[in-house]
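Trainee: I would like to go through this model by its pockets, its aromatic rings and a few single residues. Can we take them in that order?

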Amino acid sequence: LVNFREPLPAGQTYRPPAERILAGDPVQTSWNLFTSADGRFNSGIWECQPGKWRAIFTESEFCYILSGVLVVVGDDGQTATYRAGDAFLSPSGFTGTWEVKETTRKYYAFYE
């Protein structure tokens, strides 16, 4: 079993590639709490400061928003706003933008 409760181990802090950042300073921290033996499935907690960036997904990711506000806009025109308690799946091949309006924290599970 994998515990998602505090205290969390040290997180990894990073930003999207500079050429993809469209607004703000979307500093992100992830606490990857599980990686499968083959390295293709990962799950944990992610947090991001306000900002907007171009997203290109090579993985399929399930997200459950714990706090904050996130706006996702696909290149296909589909737009969705997510808040605490919302869940969604971003399929492999998704391209568009992610905009964190308020510091957002989520549970994630992705398969590469």
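Mentor: The questions below concern a predicted model, and each reply ends on the value or name asked for.

Trainee: What is the volume of the largest pocket, and which strands supply at least two residues each of its lining?

Mentor: Take the volume before the walls. About 480 Å³ of space lies in the largest pocket. The strands that each supply at least two lining residues are E3 (28-35), E5 (51-56) and E9 (95-111).

Trainee: Which residues lie nearest the centre of the largest pocket, and how does its lining divide by class?

Mentor: The lining of the largest pocket holds 20 residues, and Tyr14, Gln28, Trp46, Glu59 and Glu61 lie nearest the centre. By class, the lining of this pocket comes to 11 nonpolar, three polar and six charged residues.

Trainee: Which charged end sits over the ring of tryptophan 46, and at what distance from the ring centre?

Mentor: Trp46 is among the residues nearest the centre of the largest pocket. Its ring has the charged end of lysine 106 over it, with a distance to the ring centre of 4.4 Å.

Trainee: Which strands line the second largest pocket with at least two residues each, and what is the volume of that pocket?

Mentor: Strands E6 (60-74), E7 (79-83), E8 (87-90) and E9 each give at least two residues to the lining of the second largest pocket. Its lining residues are eight nonpolar, five polar and two charged. The volume of the second largest pocket is about 200 Å³.

Trainee: Which residues lie nearest the centre of the second largest pocket?

Mentor: This pocket has 15 lining residues. Those nearest its centre are Val72, Gln78, Tyr82, Leu89 and Phe94.

Trainee: How many aromatic pairs are there, and which residues do ring pairs link into a cluster?

Mentor: The count comes to 11 aromatic pairs. Ring pairs join seven named residues into a cluster: Trp46, Trp53, Phe57, Tyr82, Phe88, Phe94 and Trp98.

Trainee: Why is the pair of phenylalanine 57 and phenylalanine 94 edge-to-face or stacked?

Mentor: A pair of aromatic rings is described by the distance of the centres and the angle of the planes. The ring centres of phenylalanine 57 and phenylalanine 94 are 5.8 Å apart. Their planes stand at 80°, and planes over 60 degrees apart count as edge-to-face. The pair is therefore edge-to-face.

Trainee: How many residues apart in sequence are the parts that this pair ties together, and are its two residues buried or exposed?

Mentor: Phenylalanine 57 is in the loop between E5 and E6, while phenylalanine 94 is in the loop between E8 and E9, so the pair ties together parts 37 residues apart in sequence. Buried means under 20% relative accessible area. Phenylalanine 57 has 9% and phenylalanine 94 has 16%, so phenylalanine 57 is buried and phenylalanine 94 is buried.

Trainee: Is tyrosine 82 buried or exposed, and which residues is it in contact with beyond four places in sequence?

Mentor: Tyrosine 82 lies in strand E7. Its relative accessibility is 17%, so tyrosine 82 counts as buried. Leaving aside neighbours within four places in sequence, tyrosine 82 is in contact with Ile65, Gly68, Val69, Leu70, Val72, Ala87 and Phe88.

Trainee: Is threonine 79 buried or exposed?

Mentor: Threonine 79 also has its place in strand E7. Without its neighbours within four places in sequence, threonine 79 is in contact with Val71, Val72 and Val73. Its relative accessibility is 51%, so threonine 79 counts as exposed.

Trainee: What is the relative accessibility of glycine 96?

Mentor: Glycine 96 lies in strand E9. Apart from neighbours within four places in sequence, glycine 96 is in contact with Trp53, Arg54, Ala55, Val73, Gly74 and Asp75. Glycine 96 counts as buried, and its relative accessibility is 0%.

Trainee: Which two residues does a cis peptide bond join, and what is the relative accessible area of the proline?

Mentor: Most peptide bonds are trans. A cis peptide bond joins glutamate 6 and proline 7, with omega about -5°. Proline 7 is found in the segment before strand E1 (12-14). Proline 7 is exposed, with a relative accessible area of 74%.

Technical notes
Residues numbered from 1 in each chain as written. Predicted model: local features only at pLDDT ≥ 70, side-chain atom pairs only at ≥ 80, totals over all residues. Heavy atoms only, no water. 1 Å grid on protein atoms, 1.4 Å probe; cavity = no way out; pocket = protein on both sides within 12 Å on 5 of 7 lines; lining within 4 Å. Points joined across faces, edges and corners; volume = space filled by probe spheres on them. Helix = DSSP H or I, 4+ residues; strand = E, 2+ residues; numbered from the N terminus. Nonpolar A, V, L, I, M, F, W, Y, C, P; charged D, E, K, R; others polar. Phe/Tyr/Trp six-rings, centres within 6.5 Å; stacked < 30°, edge-to-face > 60°. Buried < 20%, exposed > 50% of the residue type's maximum accessible area, 1.4 Å probe, protein only. Lys NZ or Arg CZ within 6 Å of the ring centre and 35° of its normal. Contact = heavy atoms within 4.5 Å.
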